Amino acid sequence: MTVFFEYEKVTKQTFLGLACLTLALGSCSQPNGAGRPTAPGLQSQVVDGCTTTNAALNKSARASSSENDDFLGAGQAVDSDLTTRWGSQRSDNEWLQIDLGSVQSICGVELRWEAAFAKTFRIDVSSDGQTWTPASGVLEGKEGQQSFKVSGTGQYVRMQGLTRAGGYGYSLFDFQVFTDGNLNPPPPPTDPTPPPGPTGPGIARVVGSQGNWQLSVDGQPYVVKGLTWGPPVSEAAQRMPDLRQMGVNTIRTWGTDASSKTLFDAAVQNGLKVVAGFWLQPGGGPGAGGCVNYVTDDNYKATMLAEIKKWVGTYKDDKAVLMWNVGNESILGLQNCFGGAELESQRTAYAKFVNEAAKAIHAIDQNHPVTNTDAWTGAWPYLKANAPDLDLYAVNAYNAVCKVKQDWLAGGYSKPYIITEGGPAGEWEVPDDANGVADEPTDVQKAEGYKNAWNCITGHKGVALGATLFHYGTEGDFGGVWFNLIPNGEKRLSYYAVRQMYGGAPASNTPPVITNMALSNPTSVPAGGTFTVSANVSDPNGDPIQYTMGYNSKYINGAGGIISANIVPAGAGRWTVTAPPQLGVWKIYLYARDGKGNIGIESRSLRVVAPPVAGTNIALNRPTDASSFQPEYNGQTFFPQHASDGNLTSRWASEWSDPQWLRIDLGAGATFNHIQLIWEDAYASEYQLQASDDGQSWRDLVPKITGGDGGADDFDVGNVTGRYVRMLGSKRGTGFGYALYEFGVYRR
C-alpha cells in the first residue's frame with residue numbers, strides 16, 4: 001500500500017488495514033489466523049423463539065471505518081474471539097454490517113462492547129446491503145454484553161451507531177445475530193460460465209535477456225493484468241468470478257499465512273494467480289507496524305525470516321502462486337524512523353535483509369520469482385547494490401507511473417519490473433482546491449487515470465512485465481471513494497475502464513456519468529445553513545437514476561466514514577443541501593445509482609463557517625479567565641483569552657473533567673443581546689449561559705442547554721446589562737474537555 005512519497009503531504013492510512021486486516025498476515029506484528037483463543041459458549045441469550053446458533057459467526061463483515069493503527073478490522077467482531085475487536089474512527093454515525101449469506105428472519109442480536117461503546121445506536125436490516133430498514137428502535141449502549149430482541153428480514157444486518165459514549169469511536173468485541181430458523185437459500189450465481197481450471201503445475205519464470213524479458217507460466221508468456229485484493233478472504237469464492245470476467249489474471253496481497261489457503265483455492269478455481277506478499281515493518285510509515293532497527297535487531301529479522309520460510313514452504317506447490325513479494329514501501333518508510341547517515345545505514349541493512357529472504361525463498365522454491373515493492377524508484381539503487389538475488393523489481397506508482405520507464409533507463413538497471421500499485425492520481429499528488437484540501441479527480445478522470453497508467457506500463461516493452469493496479473476494494477469511506485473500483489460492492493466507471501483495457505467481457509450496462517458538479521458557495525456556508533449542489537448527470541443506458549449525498553469530516557477530525565446529507569431536489573440536476581453543524585472543511589459526495597449495481601460518485605469540498613452575527617462583538621480581546629486550561633502542546637497554547645481573540649485558529653481548552661467554566665469581563669455597565677459560541681470537537685453537551693454584575697452572583701440568560709452537538713451555537717438573550725458573562729459546562733460531549741474557538745458577545 002502506498003503510504004508516503006518523500007514529497008507527500010498526507011498519507012493513505014485508510015488502506016493500511018488491507019495489509020493486516022482483510023488478508024491474514026503471519027508476518028504482521030499482530031497475531032492472526034489459527035491458534036487464537038476463542039470465546040466459549042457464545043450462544044443466544046436473546047429471546048424465546050430464536051435459534052441458539054450465531055448466524056453471524058465468521059461471516060463477511062464490513063464497516064464504515066476502522067482504526068487502522070490497531071488493525072481493528074470489521075471481521076474481528078464476528079470471529080468469536082474476545083481478544084480481538086472492531087474499532088471505528090473517532091466520529092459518530094459509524095456502522096458495522098454483516099452479510100449473513102442469505103435472506104433470513106432475524107429475531108435477536110447480542111453485542112459485546114469494549115469501553116468505547118455506543119451511547120445510542122440502532123439495528124437495521126437490508127436485503128441488498130443498500131436500502132436499510134430499522135429492526136429496532138433507538139437503543140442505549142453500555143460497556144459489556146447486551147442482548148436485544150429485534151424484528152426484520154434480510155441478508156444484511158447493521159449496527160448503526162448514532163452517538164458515542166466518549167471521545168473514542170465505536171468498538172465491538174463481538175456482534176452475534178440470531179434467527180427464528182426460517183432461512184432462504186442464496187440466489188444462483190450470476191455468472192454461469194464454468195471457470196477455467198488449472199492447466200499446469202504453475203511454474204513461473206522471468207526469462208529473456210537485458211531489455212527483452214518476459215514472465216512465463218508453464219512455458220507460456222504471461223503479462224500481469226492484475227488488481228490489488230481488498231475484500232476479506234471469506235469473500236474470495238464469491239468475488240473471483242467477477243475478477244475473471246474483468247479480464248484480471250492476477251491479484252496482489254500484502255501478506256501470507258494460514259488463511260491465504262481460502263484465497264489461493266478460489267484463485268485457482270477461477271484461473272487467477274497471486275502475487276503473494278510478506279509484510280515487513282515499517283511498511284510505509286507511522287501506523288503500519290512501527291520502526292525496526294535493521295542494523296541491530298537480529299531477533300526481528302530471524303522471526304520474520306522464519307515466518308517467510310514457513311509459508312513459502314507451505315504454498316510453494318500451490319498453483320495460485322505467481323511470485324513472492326517481500327516487503328512493501330519500507331525503504332521509503334524508514335525515513336519516518338531515522339534520519340541522516342543512520343537512515344542510509346538502515347536502508348542498506350533492510351535491502352540486505354530482503355536479499356537474505358530472497359535467497360531463503362529460492363532455496364525452498366525454485367519455481368517462483370521473488371520481488372520487493374517500494375513506493376518510489378529511489379529504492380531501486382539500494383536493491384541494485386544489496387539485493388542481487390531478487391528476480392525483478394516492483395514499485396507502487398500512481399500519477400508518477402509514466403516516469404518509471406525513464407527512471408529505469410537512467411538507473412542502468414539489469415532486472416525487469418512490475419507495478420504493484422497504480423491508478424489515478426492520489427491525494428498526495430493533486431493540487432489543493434479553493435478550501436486548501438486535495439482536489440479529488442472526477443470519476444471520468446479516474447477512469448482515464450487507469451487507462452493512462454496501463455498504456456505507460458505496456459509501453460515499456462520487454463522490461464515492464466505488467467501491473468496489479470489499485471484497488472479491488474469494497475470500502476465506501478474517504479479512501480474507498482478515492483480508489484476503490486467497487487465501493488460498497490457497486491461498480492464505477494473505473495471498474496469498467498479496467499475491464500475494457502484488460503480484455504474482459506463486454507459490458508451491457510455501465511454507470512451514470514456525473515460532470516460539472518458545483519456548489520453555490522463552497523468556501524463559506526454557515527453551519528446548519530443551506531446551499532445548492534448542481535451537476536450534469538446522464539446514464540448511458542437510459543436507466544432511471546437515484547440520488548443521495550454524504551459528508552466526510554476527514555479534514556476536520558481525521559474520520560474516514562461518510563454520513564448521510566439532508567438533500568431536497570430543486571429542479572433537474574439541482575439539490576438544496578443542509579450544511580453540517582460542525583465548522584471546518586468537509587467533503588460532500590454526490591451518488592448517482594442506476595439500480596443495476598452501478599454507481600457514479602463525484603465530490604467537492606465545502607467550508608462550513610459560523611453563522612454571521614450583526615452588531616459589535618463587545619467580548620473581543622476583553623479579559624478572559626477559566627476554571628482550567630490545558631498546557632502547551634506541540635507549540636500550541638490553550639489559554640482562556642484565545643476564546644475572545646477573534647481568531648478561529650486558536651482556542652481555549654479545559655481539563656478533561658466536569659464542571660468547567662469560561663468567563664469574560666465585559667467592563668462595567670455593558671449591554672448586549674446576542675451570544676455566539678464556536679466549539680472545537682470537544683464540545684459541551686450540557687451547559688448554561690450566565691451573566692453577573694460582580695462575578696459572584698450569576699443569573700441564567702437562557703434555559704439550560706441540553707443535547708449540545710458542537711459547531712456554532714447562537715442565542716438571542718434579550719437586552720442584558722452585566723459586567724461578566726460565562727459559559728458553565730456541566731457535561732462534556734466527548735471524553736475530552738471543553739474547547740471553544742470563540743465566545744462572542746454582541747450588541748446589535
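What covers the buried residues of α11? The cover includes β12 (224-229), α2, α9, β19 (464-472) and β20 (513-519). Keep in mind that this is a predicted model. The protein has 748 residues, and 58% of them count as buried. Its secondary structure comes to 12 helices and 39 strands. Among contacts with a separation of 6 or more, 73% are between residues 24 or more positions apart.

**Helix α11 and what follows it**

- Helix α11 is mostly covered, with 8 of its 9 residues buried.
- The buried residues are L493, S494, Y495, Y496, A497, V498, R499 and M501, so the list takes in an arginine as well as leucine, valine and alanine.
- Just past the end of α11 comes G503, whose phi is positive at about 75 degrees.

**L485, in the loop leading to α11**

- L485 sits in the loop between α10 (478-483) and α11 (493-501).
- Is L485 buried or exposed? It's buried, because its relative accessibility is 0% and the cut-off for buried is under 20%.
- Setting aside neighbours within four places in sequence, L485 has contacts that include S494, Y495 and V498, and those three are also among the buried residues of α11.
- Other contacts of L485 are L227, M246, Y450, H471, G473, E490, K491 and R492.
- T474 is 11 residues from L485 in sequence, and their C-alpha atoms are 7.7 Å apart.

**Helices α2 and α3**

- Helix α2, which is part of the cover over α11, also packs against α3: residues 236-246 make up α2 and residues 260-269 make up α3.
- The two helices meet at an angle of about 35 degrees, and their axes are 9 Å apart.
- As for handedness, the crossing of α2 and α3 is right-handed.
- On the α2 side, the contact is made by A236, A237 and M240, while α3 brings T262, L263, A266 and A267.
- How many nonpolar, polar and charged residues does the contact of α2 with α3 have? There are 6 nonpolar residues, 1 polar residue and no charged ones.

**The two disulfides**

- The structure holds 2 disulfides.
- One of them joins C291 to C337, with an S to S distance of 2.1 Å.
- The C291 and C337 link is left-handed, with -80 degrees about the S-S bond.
- This pair links distant parts of the chain, 46 residues apart: C291 is in the loop between β14 (273-278) and α4 (298-315), and C337 is in the loop between α5 (330-333) and α6 (340-364).
- C337 counts as partly exposed because its relative accessibility is 23%, and partly exposed runs between the 20% and 50% cut-offs.
- Another disulfide joins C402 to C456, where the S to S distance is 1.9 Å.
- With 85 degrees about its S-S bond, the C402 and C456 link is right-handed.
- C402 lies in the loop between β17 (393-396) and α8 (404-411), and C456 is in helix α9 (residues 443-458), so the disulfide ties together parts 54 residues apart in sequence.
- Both ends are partly exposed: C402 has a relative accessible area of 34%, and C456 has 24%.

**N355, a buried asparagine in α6**

- N355 is found in helix α6.
- N355 counts as buried because its relative accessibility is 7%.
- What lies 2.7 Å from a polar atom of the N355 side chain? It's the backbone nitrogen of D389.
- Leaving out neighbours within four places in sequence, N355 is in contact with N386, A387, P388, D389 and L390, so D389 turns up in the contact list as well as in the polar pairing.

**R663, an arginine in β32**

- Where is R663 found? It belongs to strand β32 (residues 660-665).
- The side chains of R663 and D625 make a polar contact at 2.6 Å.
- Besides D625, R663 touches P623, T624, G695, W698, Y724, V725 and R726, with residues up to four places away in sequence not counted.

Definitions and conventions: Residues numbered from 1 in each chain as written. Predicted model: local features only at pLDDT ≥ 70, side-chain atom pairs only at ≥ 80, totals over all residues. Heavy atoms only, no water. Disulfide = S-S within 2.5 Å. Helix = DSSP H or I, 4+ residues; strand = E, 2+ residues; numbered from the N terminus. Buried < 20%, exposed > 50% of the residue type's maximum accessible area, 1.4 Å probe, protein only. Axes fitted to C-alpha atoms, helices over the stretch in contact; angles between N-to-C directions. Left-handed = near helix turned anticlockwise from the far one by under 90°. Contact = heavy atoms within 4.5 Å. Nonpolar A, V, L, I, M, F, W, Y, C, P; charged D, E, K, R; others polar. Polar contact = N/O pair within 3.5 Å; in protein donor to acceptor, adjacent residues only side chain to side chain.
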